[in-house]
Amino acid sequence: MTRSPNMIVFRREYYLNFAMGLVTNSDEYWMDFAIKEAEKALDAGEIPVGAIVVHADKIIGKGHNQREGLKDPTAHAEMLAITSAATFLDSWQLENCTLYVTLEPCPMCAGAILNARIPRVVFGAYDDAAGMCGSVENLCDQNLLNHKALVKGGIKAEICRSLLNSFFNKIRSAEN
């Protein structure tokens, strides 16, 4: 390939977006960080779901499932990441943020997304049993609480699904 002197070649080309003349990281790039959080949950014996909150191209909140460790039914990855981001911004309103999560949010987490005014959600694996961002229902698109969130699913879905499968296969084999 011949390059013109005006051509710019990025090594991380796959991970870059151009928005209003600015170079920003892509959804795939950020999902890698959510996957790292899910791996922390897997290492701790928790269901491997990870989440991060991004604001101005920077991670401001992160979390992974900790229901068993904290003995808290609300300790989902999304809830912990949202709380962390709110603390960072010193505001419950997470406008101009994007939530990245490895599994489609459940009803509780979809409600928290709406309450926090998060305008955009990106998830990995679809959850056909309890997913509330498109699989079972899309709570984020019903103008509840005077707010909607744009949803994009299926980002790095195979990797996210394989983490979940490995966890549940391990549980099943331990039961036998």
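**Exercise 1. Overall composition**

How many helices and how many strands does the protein have? Establish also the order of these elements and the confidence of the model.

*Solution.* The structure is a predicted model. The protein contains five helices and seven strands. Read from the N terminus, these elements follow one another as β-β-α-β-β-α-α-β-α-β-β-α. The next step concerns confidence: mean pLDDT for the protein is 89, with 86% of its residues at 70 or more. Residues 1-14 have pLDDT under 50, and the model gives them nine contacts beyond four places in sequence. Where pLDDT is low, the predicted coordinates should not be read in detail. Finally, of the 176 residues in the protein, 40% are buried. Among contacts with a separation of 6 or more, 56% are between residues 24 or more positions apart.

**Exercise 2. The sheet**

Determine in which order the strands of the open sheet are arranged, and which strands stand at its edges.

*Solution.* The open sheet is formed by five strands in the order β4-β3-β5-β6-β7, and its pairing is mixed. The edge positions belong to β4 and β7 (150-152); each has a single partner strand, so one side of each lacks a neighbour in the sheet. From one strand to the next, the twist averages 20°.

The pairings of β5 can then be taken in turn. Strand β3 (residues 50-55) pairs with β5 in the antiparallel sense over five bridges; here valine 54 has threonine 98 of β5 as its bridge partner. Strand β6 (residues 120-125) runs parallel to β5 and is joined to β5 by five bridges. On this side, tyrosine 100 stands opposite valine 122 in β6. A right-handed β-α-β unit is made by β5, helix α4 (residues 107-115) and β6.

**Exercise 3. The setting of strand β5**

Explain why strand β5 is described as largely enclosed by the rest of the structure.

*Solution.* A residue is buried when its relative accessible area is under 20%. Strand β5 covers residues 97-103, and seven of the seven residues are buried; therefore β5 is largely enclosed by the rest of the structure.

**Exercise 4. Helices across the sheet**

Identify the strands across which α1 and α3 lie, and check the length of α3.

*Solution.* Helix α1 (residues 27-43) lies across β3, β4, β5, β6 and β7, and runs at about 140° to β3. Helix α3 lies across β3, β4 and β5, running at about 145° to β4.

For the length check, α3 (residues 77-89) has 13 residues, which at 1.5 Å a residue should span 18 Å; the end C-alpha atoms are 18 Å apart, so the two values agree. The buried residues of α3 are Ala77, Glu78, Met79, Ala81, Ile82 and Ala85. An α-helix has 3.6 residues a turn, so residues three or four places apart point the same way. The cover over the buried residues of α3 includes β3, β4 (58-64), β5 and α4. After α3 comes aspartate 90, whose phi is positive, near 55°.

**Exercise 5. Isoleucine 59**

Place isoleucine 59 in its strand, classify its exposure and list its contacts beyond four places in sequence.

*Solution.* Isoleucine 59 belongs to strand β4. Its relative accessibility is 27%, so isoleucine 59 counts as partly exposed. When neighbours within four places in sequence are left aside, isoleucine 59 is in contact with Trp30, Phe33, Ile52, Val53 and Val54. Alanine 81 is 22 residues from isoleucine 59 along the chain, and their C-alpha atoms are separated by 9.9 Å.

Definitions and conventions: Residues numbered from 1 in each chain as written. Predicted model: local features only at pLDDT ≥ 70, side-chain atom pairs only at ≥ 80, totals over all residues. Heavy atoms only, no water. Buried < 20%, exposed > 50% of the residue type's maximum accessible area, 1.4 Å probe, protein only. Helix = DSSP H or I, 4+ residues; strand = E, 2+ residues; numbered from the N terminus. Pairing = 2+ DSSP bridges. Right-handed = clockwise from strand over helix to strand, strands pointing away. Expected span 1.5 Å × (residues − 1). Contact = heavy atoms within 4.5 Å. pLDDT = per-residue confidence, 0-100. Axes fitted to C-alpha atoms, helices over the stretch in contact; angles between N-to-C directions.
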